[in-house]
Amino acid sequence: MWLAIAPQAQGRKLGQQLLQHLEQRAFQRPCQFIRLEVRQDNEAALTLYQRMGYQEVKFLESYYEDSEDGWRMQKMLGNS
Ligand SMILES: CC(C)(COP(=O)(O)OP(=O)(O)OC[C@H]1O[C@@H](n2cnc3c(N)ncnc32)[C@H](O)[C@@H]1OP(=O)(O)O)[C@@H](O)C(=O)NCCC(=O)NCCS
């Protein structure tokens with residue numbers, strides 16, 4: 001999955017709402033956590049994920065095609 005909001009619609013909480021919707025759907029299933037990867041230089045996405053409770057669990061050196069580093073982030077959902 002790739003979370004992306006059209007440039008002209010960014011900054012209107014749509015990304016936050018999409019992620020909240022995804023989390024609600026996952027919470028209704030036997031899903032223990034959500035994991036995602038994000039570029040280290042993607043300040044908008046990193047800030048969004050941090051604010052929504054995702055924690056950096058692994059540094060991904062040269063993870064992307066252009067050698068940019070990334071982070072694997074995770075949020076526990078509390079399901080068993
Ligand atoms: C990252 C992305 C999904 C955010 O979606 P959005 O709808 O623009 O963001 P929202 O309006 O929901 O913002 C929610 C919070 O995220 C953070 N945020 C969003 N854009 C930000 C920016 N440009 N800089 C810093 N923080 C930002 C803020 O904390 C914001 O809350 P606030 O407005 O109260 O400060 C969007 O910028 C996007 O589609 N980017 C291009 C694709 C991409 O990088 N996807 C992620 C791949 S991992």
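This section describes the fold of the protein and the surroundings of its ligand, as seen in a predicted model.

The protein comprises two helices and three strands, which follow one another along the sequence in the pattern α-β-α-β-β. Along the principal axes, the C-alpha trace extends over about 35 × 30 × 20 Å. The chain of the protein has 80 residues, of which 30% count as buried.

One of the buried positions is Tyr54, which lies in the loop between helix 2 and strand 2 (55-60). The relative accessible area of Tyr54 is 2%, and this residue is therefore classed as buried, since that class takes in values under 20%. Tyr54 and Gln74 are 20 residues apart along the chain, yet a distance of 5.1 Å separates their C-alpha atoms.

The ligand occupies the space of the largest pocket. Three elements each give two or more residues to the shell around the ligand, namely helix 1 (14-27), strand 1 (33-39) and helix 2 (43-51). Of the elements, helix 2 makes the greatest contribution to this shell, with six residues. In total, the ligand is surrounded by 20 residues, the closest being Leu3, Ile5, Lys13, Gly15 and Asn42. When the residues of the shell are sorted by class, 10 are nonpolar, six are polar and four are charged.

Polar atoms of the protein approach the ligand from both backbone and side chain. On the backbone side, a polar atom of Leu3 is placed 2.6 Å from a nitrogen atom of the ligand. Leu3 is also listed among the closest residues of the shell. A second backbone approach involves Leu14, where an N or O atom is found 3.5 Å from a ligand oxygen atom. On the side-chain side, Arg51 places a polar atom 3.1 Å from an oxygen atom of the ligand. The surface exposed by the ligand when taken alone amounts to 920 Å², and 74% of that is buried by the protein.

Taken together, the model shows a ligand in the space of the largest pocket, with helix 1, strand 1 and helix 2 each supplying two or more residues to its shell. Within that shell, nonpolar residues number 10, while polar atoms of the Leu3 backbone and of the Arg51 side chain lie 2.6 Å and 3.1 Å, respectively, from ligand atoms.

How values were computed. Residues are numbered from 1 along each chain as its sequence is written. This is a predicted model: local features need pLDDT of at least 70, side-chain atom pairs count only at pLDDT 80 or more; totals for chains, interfaces and linings use all residues. Side-chain values use heavy atoms; hydrogens and water are left out. A residue is near a molecule or strand if one of its heavy atoms lies within 4 Å of it. A polar contact is a pair of N or O atoms within 3.5 Å; within protein, one must be able to donate a hydrogen and the other to accept it, and residues adjacent in sequence count only if both atoms are side-chain atoms. Accessible areas come from the Shrake-Rupley method with a 1.4 Å probe; for residues, only the protein chains shown count as cover. On a 1 Å grid over the protein atoms alone, a cavity is a set of points where a 1.4 Å probe fits but cannot get out, and a pocket is an open set with protein on both sides within 12 Å along at least five of seven lines; lining residues have an atom within 4 Å of a point. A molecule sits in a cavity or pocket if more than half of its atoms lie within 2 Å of its grid points. Helices (H or I, at least four residues) and strands (E, at least two) are DSSP runs, numbered from the N terminus. Ala, Val, Leu, Ile, Met, Phe, Trp, Tyr, Cys and Pro count as nonpolar, Asp, Glu, Lys and Arg as charged, and the others, Gly among them, as polar. Buried means under 20% relative accessible area, exposed over 50%, partly exposed in between (1.4 Å probe, protein chains only).
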